[in-house]
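Let's take a friendly walk through a protein model together. Have a look at the picture, and then we will go through its parts one at a time.

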Amino acid sequence: MGHFVLLILISFLQYSSCKYIQCTSHCSQITVSFLQPLSIPFQCQENQKLIYDTALICMIDYRIDYDNQQIYINFQSTNDTEQIFKEFNQAEALIQSIWLGFTRDSDQPNITHRSYSCSTENDCARLFYFNTIEYLITDGRNTLNRISSILYNHTTSKNYRCINNLKSTNRSSVRCSKGLCYAHSHDHKQYCTSDLTPMFFSEIQYQIPPLASNRRELVEYKCNKNHCNRNSTIAKIHHLLLDYTNWQQIQEKSSSCQQILSSFIVFSLSLLFNLRV
């Protein structure tokens with residue numbers, strides 16, 4: 001029995017070491033350029049011991065400014081698992097917001113903001129940034145340009161129609177010569193709006209392990225192409241955003257602590273059964 005208790009203790013310590021991790025935290029906001037997105041300033045580099053906290057969750061906020069080609073980074077850490085994770089077994093969470101202005105005259109800059117939290121390994125938030133940023137500023141940028149080209153025509157043509165699902169009219173398609181086509185994926189609104197300011201906004205929330213009830217994929221935009229707010233176009237935009245976020249690949253590479261916990265439980269039960277036999 002003594003050997004059994006020792007083995008359980010060793011397994012438990014392995015699991016516990018995965019729960020508390022080292023996180024970059026004591027570091028002021030960092031600004032890096034698209035030309036050197038991995039060039040972290042000396043005071044925040046990995047060999048600087050004073051920047052670390054021991055915590056349950058590592059966190060990072062980073063804002064990608066596609067107009068100025070700058071990235072603004074904030075590292076944090078927390079022990080408040082209930083606030084960050086919706087379920088006890090969660091290991092990663094991402095909230096991503098995208099704003100596109102379509103035109104140079106727009107007051108809306110082209111920006112992506114990401115908030116990522118993890119409990120998978122030491123400095124996992126920093127590693128997530130390193131593993132994702134180059135894709136976002138190259139392939140991701142091309143994907144955002146593709147979205148813009150689908151939704152916005154830079155010519156002054158007003159010869160387009162919009163899908164209309166307002167109850168105030170029976171027409172499913174209306175001419176929109178003095179406005180823009182509007183679409184909102186969650187509210188299921190599609191109509192011609194009198195607002196002449198083109199815009200695009202998207203917000204997603206993903207978790208590992210995935211939680212269908214908390215998954216969020218919102219798209220809202222105003223566009224100026226013929227029937228650009230139809231359901232098939234909204235679906236196409238959703239697909240492009242999945243490519244941009246690249247979450248499926250992130251899931252496949254995830255090394256969640258749940259794997260260790262599962263192995264611990266299976267191992268313990270198996271050993272207990274063998275001892276009883």
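Two strands count as paired if DSSP finds at least two bridges between them. Keep that in mind while reading this predicted model, where 9 bridges join strand 4 to strand 5 and the two run antiparallel. One bridge in this pair links Ile60 with Phe75 of strand 5.

**The sheet**

Where does this pair belong? Strands 4 and 5 are part of an open sheet of 9 strands, ordered 2-5-4-7-6-12-13-10-11 with antiparallel pairing. Strand 2 (30-33) and strand 11 (189-193) are the edge strands, and each pairs on one side only. On average, neighbouring strands of the sheet are turned by 15° against each other, direction ignored.

Three of the antiparallel pairs are listed here, each with one facing pair of residues.

| Strand pair | Bridges | Residues opposite each other |
|---|---|---|
| strand 2 and strand 5 | 4 bridges | Thr31 and Tyr72 |
| strand 4 and strand 5 | 9 bridges | Ile60 and Phe75 |
| strand 6 and strand 7 | 8 bridges | Glu92 and Cys118 |

**Helices on the sheet**

Helix 3 (residues 124-137) packs on the sheet and touches strand 2, strand 4, strand 5, strand 6 and strand 7. The direction of helix 3 makes about 25° with that of strand 4.

Helix 5 (residues 231-245) lies across several strands, including strand 4, strand 10 and strand 12, and runs at about 125° to strand 13. Helix 5 has 15 residues and reaches 21 Å from its first C-alpha to its last, close to the 21 Å expected at 1.5 Å a residue.

Which residues of helix 5 are buried? They are Thr233, Ile234, Ile237, Leu240, Leu241, Tyr244 and Thr245. These residues cover an arc of only 135° around the axis, which puts them on the same side of helix 5. A general rule helps here: an α-helix has 3.6 residues a turn, so residues three or four places apart point the same way. Just after helix 5, Asn246 takes a positive phi of about 60°.

**The nonpolar cores**

In soluble globular proteins, nonpolar side chains tend to be buried together. Here, the largest nonpolar core has 56 residues, and those with the most contacts inside it include Tyr62, Ile64, Ile73 and Phe200. Helix 3 gives the most to this core, with 7 residues. Another core, of 5 residues, lies apart from it, and among its members are Leu56, Ile57, Phe85 and Ala93.

You can also look at Ile73 by itself. Leaving aside neighbours within four places in sequence, the residues in contact with Ile73 include Ile30, Val32, Ile60, Tyr62 and Tyr129.

**Unusual backbone spots**

Most residues other than glycine have a negative phi, and most peptide bonds are trans. Some places in this model depart from that pattern, and three of them lie in loops.

Gln69 is not a glycine, yet has a positive phi of about 55°. Gln69 sits in the hairpin of strand 4 and strand 5, which has 4 residues between the strands. Is Gln69 buried or exposed? With 33% relative accessibility, Gln69 counts as partly exposed.

His227, in the loop between strand 13 and helix 5, also has a positive phi, near 55°. His227 is buried, with a relative accessible area of 15%, as the cut-off for buried is under 20%.

Finally, a cis peptide bond with omega of about -5° joins Ile208 and Pro209. Pro209 lies in the loop between strand 12 and strand 13.

Note on methods: Residues are numbered from 1 along each chain as its sequence is written. This is a predicted model: local features need pLDDT of at least 70, side-chain atom pairs count only at pLDDT 80 or more; totals for chains, interfaces and linings use all residues. Side-chain values use heavy atoms; hydrogens and water are left out. Axes are lines fitted to C-alpha atoms, for helices over the stretch in contact, and angles run from 0 to 180 degrees between N-to-C directions. Contact means heavy atoms within 4.5 Å. The expected span of a helix is 1.5 Å times one less than its number of residues. Buried means under 20% relative accessible area, exposed over 50%, partly exposed in between (1.4 Å probe, protein chains only). The arc is that of the directions from the helix axis to the C-beta atoms. A nonpolar core is a set of buried Ala, Val, Leu, Ile, Met, Phe, Trp, Tyr and Cys residues joined through side-chain atoms within 4.5 Å.
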